[in-house]
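Thank you all for coming; I would like to walk you slowly through one structure this morning, and I will try to name each residue as we reach it. Please look at the picture first, and then we can begin.

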Amino acid sequence: MDPHGALFYLCLLAAQVVLVETLSDLLVLMKRLEQPFGRGLSSRSRHIHSLEQKLLNASFGGHNLTLQTNSIQSLVFKLSCDFPGLSLSSATLTNVSQVRAPHAMQFPAELTKGTCVTSRPAELRLICIYFFTAHLFQDDQNSLLLNNYVLGAQLDHRPVNNLQKPVNISFWHNQSLEGYTVSCVFWKEGANTSSWGAWSPEGCYTEQPSATQVLCHCNHLTYFAVLMQLSGDPVPAELQVPLEYISLVGCSISIVASLLTMLLYAQSRKQSDSTTRIHMNLNGSVLLLNVTFLLSSQMILPTVPRPMCTVLAAVLHYALLSSLTWMAIEGFNLYLLLGHVYNAYIHRYLLKLCMLGWGFPALLVLLLLMVRSSVYGPCVISFSKSQENGTGFQNVSMCWVQSPMVHSVLVMGYSGLTSLFNLVVLAWALWILCRLRAREKALSPWAYRDTAMVLGLTVLLGTTWTLAFFSFGVFLLPQLFLFTVFNSLYGFFLFLWFCSQKRYSDAEAKAGMEAVSSSQMTH
């Protein structure tokens with residue numbers, strides 16, 4: 001045999017052996033990823049990154065490579081700088097041993113431009129790793145993913161971000177999404193301290209072309225999934241800008257009004273009683289609520305570090321709980337005023353109320369932070385948008401409570417209990433005043449004052465927060481606007497109430513002084 005021919009066959013045989021060993025190593029690593037991992041954070045990320053590197057460096061013949069295990073599929077494509085775009089569909093992929101819900105990815109021609117601007121490499125590698133199980137990407141919230149699918153892609157060893165034409169990822173499903181809000185998310189590595197990452201909607205737009213398909217448009221490459229969250233009726237995207245504008249203007253007016261209220265109180269502090277001081281504490285909690293709400297909703301989340309977002313969300317939750325608690329304290333104080341005929345006395349009354357109004361919410365928030373700080377962080381709010389080919393979703397994020405259970409118990413449940421208590425107190429106060437009216441043919445000035453006080457306390461007691469429980473069906477749209485208007489202007493209403501009470505007190509004091517001076521002149 002010709003020595004050159006023998007050498008050629010030996011090289012070919014060696015290349016085949018290397019190829020077999022490479023494919024075998026990749027399959028072993030993929031099967032290892034299917035096994036359950038411990039609680040260590042580095043083991044999952046280390047094995048996934050190892051698979052990525054082996055796929056990028058794998059030697060194989062042809063232009064593409066497909067590997068398949070029970071729950072992981074890996075694809076490798078050889079590309080050039082003249083990349084025309086690529087469409088992948090589970091219906092056309094080979095080596096698929098199991099019937100799964102369909103999925104697809106579409107890559108634009110722009111994908112390789114960023115890499116080829118500085119240099120023109122002879123070959124680029126595009127790898128796609130499809131996980132048909134979500135156990136490797138569990139965040140602190142144990143988020144529910146559509147079909148438990150996580151579809152990932154990476155171009156060579158370079159990050160791909162801010163694409164002008166997005167990567168399109170399609171997820172088909174055969175399960176009902178009624179009662180769920182779906183949002184396209186990506187795995188943000190290092191975004192959490194107790195997990196090796198977290199799901200984030202940044203850079204992704206969600207669309208539902210049909211009842212069985214979710215289409216994600218994302219401007220970068222990473223691991224993608226569709227997050228399913230329990231929700232009520234969808235809010236139309238056309239209302240996002242008006243609601244944000246009303247919130248911004250209303251909260252800004254309330255902040256200015258709260259500061260003016262504190263200034264007026266400082267001028268007449270010597271004449272204040274416990275009731276006025278309770279009003280001031282409520283005013284302070286509402287001021288904190290408005291300021292933290294504006295900070296949480298107006299900040300651009302990609303520029304806000306995760307710890308800062310967690311702190312901001314916790315402070316916002318604390319301000320809400322404190323405001324609701326002081327509203328309940330207002331109801332309790334009203335009960336004492338009317339039920340004990342203005343003669344109630346409790347030792348260190350205001351100090352005990354401050355411990356309840358400021359200390360109890362702080363204790364709840366601190367316990368949550370110590371037990372599980374991940375209950376606070378970026379929260380996704382979805383707005384539905386009707387389109388010719390289906391329904392799209394526009395996601396907005398703010399720093400708020402992430403845990404559905406905490407939101408149900410310590411937001412909706414807490415506000416529901418305080419609102420119910422104040423409604424009962426308000427109804428009881430109206431009944432007392434009706435009895436007083438029935439006894440007197442002519443209403444005395446005291447009865448007039450009590451009637452005005454109860455009407456003012458209708459807002460002061462926070463009864464407008466009960467609108468939060470009517471966010472369904474035909475009530476949704478009017479509820480959204482009424483709730484936003486009344487509660488964003490709540491600080492302004494407190495200012496009007498304080499001004500009316502101060503005006504009445506000044507008039508009463510002036511009348512008393514005139515009566516004293518006239519009696520002195522007669523004597």
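Helix H4, which runs over residues 240–267 of this predicted model, has 28 residues and reaches 41 Å from its first C-alpha to its last, which is close to the 40 Å expected at 1.5 Å a residue. Several residues of H4 are buried, among them Gln240, Leu243, Ser247, Gly250 and Cys251, and if you follow the helix further along you will also find Thr261 and Tyr265 on that list of buried residues.

Please keep Thr261 in mind, since we meet Thr261 again in the lining of the largest cavity. Rolling a probe the size of a water molecule over the atoms shows where empty space is left. In this model the count comes to one cavity of 30 Å³ or more, and about 50 Å³ of space lies in the largest cavity. Which residues line the largest cavity? Besides Thr261, they are His279, Met280, Asn283, Leu460, Leu494, Trp497 and Phe498. Helix H5 (274–298) and helix H11 (490–522) are the elements that give two or more residues to this lining, and its residues divide into five nonpolar, three polar and no charged.

Let us turn now to the aromatic rings, of which the structure holds 13 pairs. One of these pairs is formed by Trp465 and Phe483, which meet edge-to-face, at 5.5 Å centre to centre and with 85° between the planes. Trp465 lies in the loop between helix H9 (445–460) and helix H10 (476–488), whereas Phe483 lies in helix H10 itself, so the pair ties together parts that are 18 residues apart in sequence. Are these two partners buried or exposed? Trp465 counts as buried, because its relative accessibility is 13% and the cut-off for buried is under 20%, while Phe483, at 21%, is partly exposed. Elsewhere, ring pairs link Phe131, Phe137, Trp187, Trp199 and Tyr223 into a cluster. A ring can also have a charge over it, as with Phe60, where the charged end of Lys78 sits over the ring, 4.5 Å from its centre.

Finally, I would ask you to find Leu410, whose place is in helix H8 (residues 404–439), and which is buried, with a relative accessible area of 16%. Leu410 and His317 are 93 residues apart in sequence, and in space they are 8.9 Å apart, C-alpha to C-alpha.

Technical notes
Residues are numbered from 1 along each chain as its sequence is written. This is a predicted model: local features need pLDDT of at least 70, side-chain atom pairs count only at pLDDT 80 or more; totals for chains, interfaces and linings use all residues. Side-chain values use heavy atoms; hydrogens and water are left out. On a 1 Å grid over the protein atoms alone, a cavity is a set of points where a 1.4 Å probe fits but cannot get out, and a pocket is an open set with protein on both sides within 12 Å along at least five of seven lines; lining residues have an atom within 4 Å of a point. Grid points are joined across faces, edges and corners, and a volume is the space filled by probe spheres set on the points. Helices (H or I, at least four residues) and strands (E, at least two) are DSSP runs, numbered from the N terminus. Ala, Val, Leu, Ile, Met, Phe, Trp, Tyr, Cys and Pro count as nonpolar, Asp, Glu, Lys and Arg as charged, and the others, Gly among them, as polar. Rings of Phe, Tyr and Trp (its six-membered ring) pair if their centres lie within 6.5 Å; planes under 30 degrees apart count as stacked, over 60 as edge-to-face and the rest as tilted. Buried means under 20% relative accessible area, exposed over 50%, partly exposed in between (1.4 Å probe, protein chains only). A charge sits over a ring if NZ of Lys or CZ of Arg is within 6 Å of the ring centre and within 35 degrees of the ring normal. The expected span of a helix is 1.5 Å times one less than its number of residues.
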